[in-house]
Each structure stands twice: as C-alpha cells, then as structure tokens.
Amino acid sequence: MQTLQKRYSSCADPVVRWAFLCAFAMLVVLMTLSGHYEGSDDVMRWVGVRDLLAGQGWFDPYQHRLGPDDGTLMHWSRLVDAPIAGLYSVLSAVIVPEIAFQITAFAWPALLASLTLWAFAVTGGVLGGREGAISALVIGVLTLEHSRKFDYFSFDHHNLQILLFAAALAFFVLRKDRSYAAGLLGVCLGLSVSVGTESILQVALVAVFCAIDWIANGASSRKRTMTFATALTATLALTSFVTTGREGFFYPSCDALTLSVALPASVAAIGLLAAAWIGSGWSVPGRFGACMALAVVTLAVAFAFAPHCLSNPIDALPQDMRDYWLSQVAEAQNISVVLERHRGEAVALIAMSILSMGAALAFAARSQARLDYTLFLVLIAAGFVVFLYQTRMMTFLSVSLVAVQAQILRVLYVSYARDRRMAAGLAMVAFVISASPKVGISLEKQIGALSQPSFTASAAAVGQDASESGASCRTQHAYAALQSLPSGMILVDFDFAAHVLRFTDHSVLGGNYHRNQAGILAQIDLFRIEASQAAPRLAELGVDYVMLCTSAPRAEFWAWASEGRGLQTRLVEGEVPDYLSSIQGAPGAAFQIFKVTAEN
C-alpha cells in the first residue's frame, strides 16, 4: 500500500483541481435531477432568518409564533442565520426579493457542498496522493448526493456541521505538515459545537485523538497541541459571547452552546493546553496520566454542572411526547424501524461500515498514518453503534466512511492501473457502485420483483421517503385561504406548522421541535381526547383555527391514539363539532379550515 506522502498538496495539483470542478458540477447536476424536499427544519430556519431581517433581536432566541403563551425558546445558532441573511440581503438589494430568495436557497447549500467536497479531496490527498484525492472526490459526490443535506433550500444547520466535520478531519491529517492546521482544527470543532450538538460525539473523538497525538509524540507535538487547544477555547468563548444571549446560554440544555456544553468543553481544552505547555517533556506514562487526570476533572465538571448531558436525552422527555410525537419522527427511530422502512439502504450502509472498519484496521497496521486511520476506525465504529440506536447518525456515519472508502478505491485503481487486469477493473467499478446506499434500495426492489411480484409495490414504498406524504399541504398555494383570515393561533398537524409560519402571519400551537414541549403536549391532548370535550381546551389555549390536510397523512395513527374519538379523527370522518365552523376554500384545496366559534 502507498505510504504517507507528507508534502503532497491537492491544492497545488492541477489535475485534482480540474477533477474537483468536474465532481462539483456532477454533484450539482445529480442534486438538481433528484429534486428537493423542503423539510420542516429548513422552513423553520428560513422563518428565523426572515424574523431576524424584520427586526427580531440578535440575542432573542424565541420563535414567538410557535407554541402557547410567549412562544418557544429555540436552540438554533445565529452562526447559521447570519450568512443566509447576509447573502439574501445583498441580493435583494439589487434584484427582486423572490429571485434573491431562489438564488440564496441554491447558493448557500451549494457553497457548503463545494467546501465539503474539497475537504474530502484534501484528506484523500494527504493519505494517498493524487489518486487518493480523486478517489475521495468520487466517493464524496455519492455521499453528499445521497445525504440530501445540500439540496436546494437546505437551510438546516446539518450541512454546515457536515462541512465542519469534514474540514476537521482534513486539518487533523494535515496537522504535522501545515503549521496552520492545528489552529483551524480547533476552530472547526469549536464552531461545530456552537452550531449544534448533533455531532458532539465526532467532535469529542477528534479532540481525544489530538490528546492521543500529544501523548504519543510529546515535545514534537507540543506546539500544535497548544495551538489546537487555544483555538478551541477561544472559539467557544467568542461564539458564546457573540451569538448566545444570557437566557439561552444559561438554559439547562445540551442541544446547543449552553453553559452545560461550553463549560466541560472549555475545561477540557484549557486543561489540554496546560498539560502540553507543562508536560510535553514528560514520559509517555506521565503524559497519559495527565490526560487521564484531565478526563476525570472534565467528567467531574460535567457531573456537577450538567448531569443531564450524561444521560439519554430522550429519557428527559415526557412519556406522552415519546409515545405520540417522537415515535412519529423518522430520524429518532432505531435500526429495527429503519430495516422495516428502508431495508435495502440500511443493509448497504451496514455492510459498507463493516468493510470500511476492516479496511481502516488494515491501513492502520500497514501505513505510516496509523493514528489517522485509527481515528477513522473509531469514528466509524462509534457512529455505527449510535446509528443502530438512532438513525439521525446515518449522515455523520456516511461522512466518516469517506476517507477510508476513498483509500480502498485508490488501492483498487492502482492495482488496475499497474496490471490492467479485468478483475481489478471490475472490482473497482463494483466498489464505486456499492459505495452509495441507493444501490441497496435498487437491489431490494429488483429482488422483491423477482422473488415475489406482489412485493414490488411494498419495496417501492420502503424506498420512498415517508416525508412525501402530504406534499400538497407544503406548497405556498395551500395557505392562500389562510392568508386572508385575521391572525390567530392555529391547530395543525406537526408536520405543517413551520409552513404556516413561513407563508402566513398566524401562530401555531405545536411543531416538530423538542423545546416546544408545552405546545406538543397540548396538541397531543387535543388530538387524543374525545372531540366533544375539546372545545374548553381549545378556548383555554387560545386556538382560533383548526386546519386539516385533506390527505391526512397521519390519520390512522391519531385514530389509534384517540381510539377513533379524537378531533382530527372525527374531522377526517366528515363530522364537524358544533364549536367549529367551516371556512369555505377553493375547490380541491389542500386544507380544510375551521374557525373555533365558541365552547361547546
């Protein structure tokens, strides 16, 4: 296998630069052909950006039109809002707002996709030269296109987190050869925590391997370790000061850059800085002991100031939220649900994860970049375990695979280029094809069609995103009738709450946002109690309108949850209680709208 090429630079290689441009163009084409889906989080991010531009305070973290009373304290970072708002503001100053929005919705995710793709190429180039960089571009295109996190209108923060994670891995493998790499690595990890904590496991593992690098190399790694720790500490402090208001920072939660997250992370970073400054000349056991002591102190601080961050966050949710809301959120489900709904995709990802772990172990044993491949091995293994528990880890697991997959492809290509054997060429092509979990979906459909023709329809349903249900209720036209009504509080299915906020001036009781506990619990209650008893509760919550998507995507679930007696279930059956009056909409309207008139 090819050994580490310390002085190779992907940026200086014109072949890689041209390959990057071609790969990015191909990625844009593939994402365009695949269409796009405007998820609730993407819509809510745009609502937040629009509110910011309309004058909402920079340090005001509330979504004032979500939930009862004063709204919902959100946990989303202004680090994402600011560049989107800035880009839109500049464009709308010179072109009409609608076109400015269209360009912003395309340019922002496309920019992040290009930078992520380049980070993959840099990592691949450090580990495998030109062939490694180009291989990483090939695998990167397949991974990013399948993730759907960089499509048009992808305003959610996950794409920025993916970029920061990919960039952190690039700077980690560059740390010995580029003086700036350690500092930028610290900045990437600090920004990632500031943007959101979904990738906190990956961030923590990369930081741990920076400490392992110091333990193994001592004085030779002193400068880069201190630079990394200083950059991480400074980034956490600066982003806390610049983007987080007092109320948000001291909110006892682990889903954002709150005190619960910033304090333990800062203690760990400052401790590593002190250890590298003082103890780089110590023996390996001495440096190891210092890091273990630092780990104990960090855990003690976490236990003292953020014990809730060391337990399963789902356990903190009320039981009704877990049973009647979280159970319907696809990304919160475990592997059993994924295997039921997306069997082919899940099996393909599991198989590729196992193959990549074996390859990472082999590369670590035979390459000079042992620590780098060991990090990839640990990232894949940890991501794989968490993926089995919760599917939201699928994206970060896929990104963790890219560096190792690229080196597997490089080895296959080098073997083919050397001997020109057909078997090697076929193996290379087969690996590229199997690198995308989409192949698993396709195989599932084909096998189902051959073995059991009646299975074809169900296999197609498995491959289809459940979010397609109720698509007509997510278009702007669906809310036209609502726009002419006086502003009020609306009871609508969780999936459409963000769209009401985007297209109208109304408020919504509950949406798919875990900090909206009061609204979610109230809405669950309204959907479960007998329709005849709902009027006083609607009045208590200040609900003015009830909306029902005509396709009723969750009708069966709420019929089960209410034993067929709930408000939504009765409306689906065509029974309108006397405390509601129907508001006539256009023929074939996506929603039925009812005004709450009086208590029953």
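**Exercise 1. Classify R420 as buried or exposed in this predicted model, and describe its backbone and its place in the chain.**

Solution. Start with accessibility. R420 has a relative accessibility of 57%. The cut-off for exposed is over 50%, so R420 counts as exposed. Next, the backbone: the phi of R420 is positive, about 55°, although R420 is not a glycine. Last, the place: R420 sits in the loop between α16 (394-419) and α17 (422-434).

**Exercise 2. Find out whether F153 is buried or exposed, and describe its backbone.**

Solution. F153 is not a glycine, yet its phi is positive, at about 70°. The residue belongs to the loop between α4 and α5. The relative accessible area of F153 is 0%. Buried means under 20%, so F153 is buried.

**Exercise 3. Compare the end-to-end distance of helix α2 with its expected span, then work out how α2 is placed in the structure.**

Solution. Helix α2 covers residues 40-53, which is 14 residues. The expected span is 1.5 Å times one less than the number of residues. For α2 this gives 20 Å, and the C-alpha atoms at its ends are 20 Å apart, so the two values agree.

For the placement, take the buried residues. Eleven of the 14 are buried, so α2 is largely enclosed by the rest of the structure. Among the buried residues are M44, W46, V47 and V49, and also D42, R45 and D51. The partners against which the buried residues of α2 pack are β1 (62-63), α3 (78-92), α4 and α21 (497-503). After α2 comes G55, with a positive phi near 120°.

**Exercise 4. Apply the span and burial checks to helix α5.**

Solution. At 1.5 Å a residue, the 17 residues of α5 should span 24 Å. The C-alpha atoms at the ends of α5 are 24 Å apart, which agrees. As to burial, 17 of the 17 residues are buried, so α5 is largely enclosed by the rest of the structure.

**Exercise 5. Describe how α5 and α7 are oriented to each other, and which residues make their contact.**

Solution. Helix α5 spans residues 158-174 and helix α7 spans residues 200-217. Their axes come within 11 Å and cross at roughly 10°. Angles under 35 degrees count as roughly parallel, and α5 and α7 are therefore roughly parallel to each other.

From α5, the contact is made by F165, L169 and F172, and from α7 by Q202, V206, F209 and C210. Sorted by class, the contact has six nonpolar residues, one polar residue and no charged residues. As a general point, an α-helix has 3.6 residues a turn, so residues three or four places apart point the same way.

**Exercise 6. Take F209 of α7 and list its contacts beyond its sequence neighbours.**

Solution. F209, in helix α7, has a relative accessible area of 5% and is therefore buried. Leaving aside neighbours within four places in sequence, F209 is in contact with F172, L371, T374, L375 and V378. One of these partners, T374, is 165 residues from F209 in sequence, while their C-alpha atoms are 9.0 Å apart.

**Exercise 7. Characterise K176 by place, accessibility and contacts.**

Solution. K176 lies in the loop between α5 and α6 (181-195). With a relative accessible area of 48%, K176 is partly exposed. Not counting residues up to four places away in sequence, K176 touches D213 and R224. K176 and R224 are 48 residues apart in sequence, and 8.1 Å separates their C-alpha atoms.

**Exercise 8. State how many residues the largest nonpolar core has, and which element gives the most to this core.**

Solution. The largest nonpolar core has 142 residues. Those with the most contacts inside it are M44, L185, Y479, M547 and F591. Helix α4 (residues 97-147) gives the most to this core, with 18 residues. Apart from this core lies another, of 35 residues, among them L326, F494, A535 and F594.

As a step within the largest core, take M547. Residues up to four places away in sequence are not counted, and the contacts of M547 then include Y479, L482, I490, V500 and F591.

Definitions and conventions. Residues are numbered from 1 along each chain as its sequence is written. This is a predicted model: local features need pLDDT of at least 70, side-chain atom pairs count only at pLDDT 80 or more; totals for chains, interfaces and linings use all residues. Side-chain values use heavy atoms; hydrogens and water are left out. Axes are lines fitted to C-alpha atoms, for helices over the stretch in contact, and angles run from 0 to 180 degrees between N-to-C directions. Helices (H or I, at least four residues) and strands (E, at least two) are DSSP runs, numbered from the N terminus. Angles under 35 degrees count as roughly parallel, over 145 as roughly antiparallel, 65 to 115 as roughly perpendicular and the rest as oblique. Contact means heavy atoms within 4.5 Å. Ala, Val, Leu, Ile, Met, Phe, Trp, Tyr, Cys and Pro count as nonpolar, Asp, Glu, Lys and Arg as charged, and the others, Gly among them, as polar. A nonpolar core is a set of buried Ala, Val, Leu, Ile, Met, Phe, Trp, Tyr and Cys residues joined through side-chain atoms within 4.5 Å. Buried means under 20% relative accessible area, exposed over 50%, partly exposed in between (1.4 Å probe, protein chains only).
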